[in-house]
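Here are some short exercises to work through with the model open beside you. Try each task yourself before reading its solution.

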Amino acid sequence: VAASAESPEVLSQSPSTDPAEILSRMTLEEKICQLLMVTPEALTGQETVTGFNNDAMDALAQYPVGGLIFFGANLETADQATAMLSAIRETAATLTVPGLLLGVDEEGGSVSRATPLGVTEYEDMRVYGDAGDTEAAYQIGLTLGSQLKDLGFTRVVLARELSLPEVEHITKHCGIETECFVHGALCMSMSGQCYMSAFLGG
């Protein structure tokens, strides 16, 4: 049985960074849930989630997933998104499982979910790629990372094509936690060229 909302163990009162200790307190169901990053709709069964009500809090307590991923329908205004993320973090802090990842699919250009929140709009990223304008791409990344951090997001996932020195430089200067693909891609092509693997593998 997963952690209940009625009698949560508050991690903030007894923090532990020891993975073995954290895992020893988790049920099998909690461990499985921690492997998943889902939309708030998948978690709650609601058609569109733009806030975090009692039903959503109960769902997170019953199924303590590792993360929630937000898309355009979830993000209406900066105030709404900030309040929703804050409510989710407060709920997650009462659970017996580690911290909850809160993510948004925001790449800038044609893949921009956070524009309604006041995040800067850019041309399609292909424009900068075709021009070989690495400085513009760098500045766009810094701007988006900073703006998303101000809204309550806490981590950005870097493109897998970056070199180790580039990852190190970005991590030192972007002002927000970074994550990168250590194992490499399961796709033979660069990002944005996945039609090749779809053609080869179906």
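**Exercise 1: the sheet**

In this predicted model, strand 1 and strand 2 pair in the parallel sense, over two bridges. Work out how the strands are ordered in the open sheet of three strands, and which strands are at its edges.

Solution. Start with one bridge: M37 has G67, in strand 2, as its bridge partner. Next, follow the order across the open sheet, which is 1-2-3 with parallel pairing. Finally, look for strands that pair on one side only: these are strand 1 (37-38) and strand 3, the edge strands. As an extra step, find helix 5, which packs on the sheet and touches strand 2 and strand 3. The direction of helix 5 makes about 170° with that of strand 2.

**Exercise 2: one residue of helix 5**

Find T91 in helix 5 (residues 78-92). Does T91 count as buried or exposed?

Solution. First, take the relative accessibility of T91, which is 9%. Then compare it with the cut-off: buried means under 20%. T91 therefore counts as buried. Leaving aside neighbours within four places in sequence, T91 is in contact with F52, M57 and L60.

**Exercise 3: the largest nonpolar core**

Decide which residues have the most contacts inside the largest nonpolar core, and which helix gives the largest share of this core.

Solution. The core has 32 residues, and those with the most contacts inside it are L60, L68, F70, I88 and L100. Helix 5 supplies the largest share, six residues. Now zoom in on L60: leaving aside neighbours within four places in sequence, its contacts include I88, T91 and L100.

Notes
Residues numbered from 1 in each chain as written. Predicted model: local features only at pLDDT ≥ 70, side-chain atom pairs only at ≥ 80, totals over all residues. Heavy atoms only, no water. Helix = DSSP H or I, 4+ residues; strand = E, 2+ residues; numbered from the N terminus. Buried < 20%, exposed > 50% of the residue type's maximum accessible area, 1.4 Å probe, protein only. Contact = heavy atoms within 4.5 Å. Core = buried A, V, L, I, M, F, W, Y, C linked by side-chain atoms within 4.5 Å. Pairing = 2+ DSSP bridges. Axes fitted to C-alpha atoms, helices over the stretch in contact; angles between N-to-C directions.
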